[in-house]
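I am opening a notebook on a structure that is new to me, and I want to record what I looked up and in what order.

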Amino acid sequence: MNELDELIKLLKDKALSNGVRLGILIALYYVDGYVTFTDLQRDLDIPKSSLHQHLDILQESGLVEFKRAITPLGVRTVIRISDRGKDVVKKYLELVKKLG
Amino acid sequence: MTASDVYEIIKIGNDTARRILLRELRKAMGLYYLLWGTYPVVIAALSTASYQFDVLSEALQYRVFSIPVGLMVVMAAIAVYTSLSFRIFSMAYRVSRSPISRRHRGPWPLWTAVYYALVTAALYLAFAGPGGEPFEALEYAAAATLAVLIVSANTAHLRSGLVRARRYDYLANAALLALLPLSMAYYVSGYLLSLIWIYAGVRSLLEVIGDE
């Protein structure tokens, strides 16, 4: 199986078959810490309901974790990438690098 | 799923990741400026307290393994600040080397050579000739080298190709290059540097909070 086939197989997963979800996961991988739901919504400029939907799908696949936490701006929902999510992004980035 | 679908998902994915990371990197820069902006204030507070309270002054002068406790406290503060900075920089460094980064630059751009030429000329004028103090020249040169290293590290955020350099980034880094060596002779330079970095930190965080 070549890199492109492997990449197609990876992106066929429901959680990764959407560019926005893939982008959120890549960003969380590099941040390697918690990001608030409010910040994500402001960054992406999409409706709350759409972002919820994307994050629910990523959580169902075990790629992200979220919880309520105390932040300097008050209690917020915070999201971070899971260990499984990190493995998936690592694999994805390797394949993309090989494909140039 | 065809190859063109894959490229479309990758393109949207990269654009989305860049939008999120742009703000996260700028936020990290803001926190970094604010963090180091408070450093001289923390040291000054400790120093003032030691003047006012004899017990603290004696405690700071006490030696453990021939090292004064005061020096150990300063080193501990530097270690805490550095470890926090390392966490902030690791994200910028990893992004700058990732496939979603837009550009890569060499780590030692032209300004380094220009800066060293200016510092060498200044040191020569200040300390060369009869009555010069070679040791002081070394202290200034060490501070200048530290400033170059810090500014080079600071550009890691900008080398990610996601964060655009703002006027206050130039101001913060130029102030560091000029005022850090100068603070060896004039303490007030350190406080001025602190104020400029706090300003850069606040402006960075306002950029993230605002709609720029």
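The entries below go from the sheet of chain A to the helices of chain B, and then to the places where the chains touch.

**Entry 1, the sheet.** I kept in mind from the start that this is a predicted model. I looked first for strands in chain A and found an open sheet of three, ordered β1-β3-β2, in which the pairing is antiparallel. I then noted that β1 (35–36) and β2 (64–71) of chain A are the edge strands, and because each has a single partner strand, one side of each is left without a neighbour in the sheet.

**Entry 2, one strand pair.** How many bridges join β2(A) and β3(A)? I found eight bridges between β2(A) and β3(A), which covers residues 74–81 of chain A, and the two strands pair in the antiparallel sense. Within this part of the sheet I picked out Arg68(A), which stands opposite Thr77(A) of β3(A).

**Entry 3, the helix over the sheet.** I next followed helix α2 of chain A, residues 19–31, and saw that α2 lies across β1, β2 and β3 of chain A, with a direction at about 100 degrees to that of β3(A). I also looked up Leu28(A), and once its neighbours within four places in sequence are left aside, Leu28(A) is in contact with Val35(A), Val64(A), Ile79(A), Arg80(A) and Ile81(A).

**Entry 4, chain B.** Turning to chain B, I counted eight helices and two strands, and reading along the sequence I wrote down the pattern α-α-α-β-β-α-α-α-α-α. Of the 212 residues in chain B, 25% are buried. When I took the contacts in chain B with a separation of 6 or more, I found that 74% of them join residues 24 or more positions apart.

**Entry 5, where the chains touch.** I then asked which residues meet across the two chains, and found 24 residues of chain B in contact with 24 residues of chain A. On the chain B side, the elements that give two or more residues are α1 (3–37) and α4 (69–96) of chain B, and α1(B) gives the most, with 17 residues. By type, I sorted the residues on this side of chain B into 13 nonpolar, four polar and seven charged.

**Entry 6, the core.** Last, I looked up the largest nonpolar core, which has 56 residues, and those with the most contacts inside it are Leu25(A), Ile26(A), Ala27(A), Leu28(A) and Leu25(B). The largest share of this core comes from α1(B), with 11 residues. As background I noted that in soluble globular proteins nonpolar side chains tend to be buried together.

Technical notes. Residues are numbered from 1 along each chain as its sequence is written. Chains are lettered from A and ligands numbered from 1 in the order in which they are written. This is a predicted model: local features need pLDDT of at least 70, side-chain atom pairs count only at pLDDT 80 or more; totals for chains, interfaces and linings use all residues. Two strands pair if DSSP finds at least two bridges between them. Two residues are in contact if their C-beta atoms, placed from the backbone, lie within 7 Å. Axes are lines fitted to C-alpha atoms, for helices over the stretch in contact, and angles run from 0 to 180 degrees between N-to-C directions. A residue is buried if 20 or more other C-beta atoms lie within 10 Å of its own, exposed if 12 or fewer, and partly exposed in between; C-beta atoms are placed from the backbone. Ala, Val, Leu, Ile, Met, Phe, Trp, Tyr, Cys and Pro count as nonpolar, Asp, Glu, Lys and Arg as charged, and the others, Gly among them, as polar. A nonpolar core is a set of buried Ala, Val, Leu, Ile, Met, Phe, Trp, Tyr and Cys residues joined through C-beta atoms within 7 Å.
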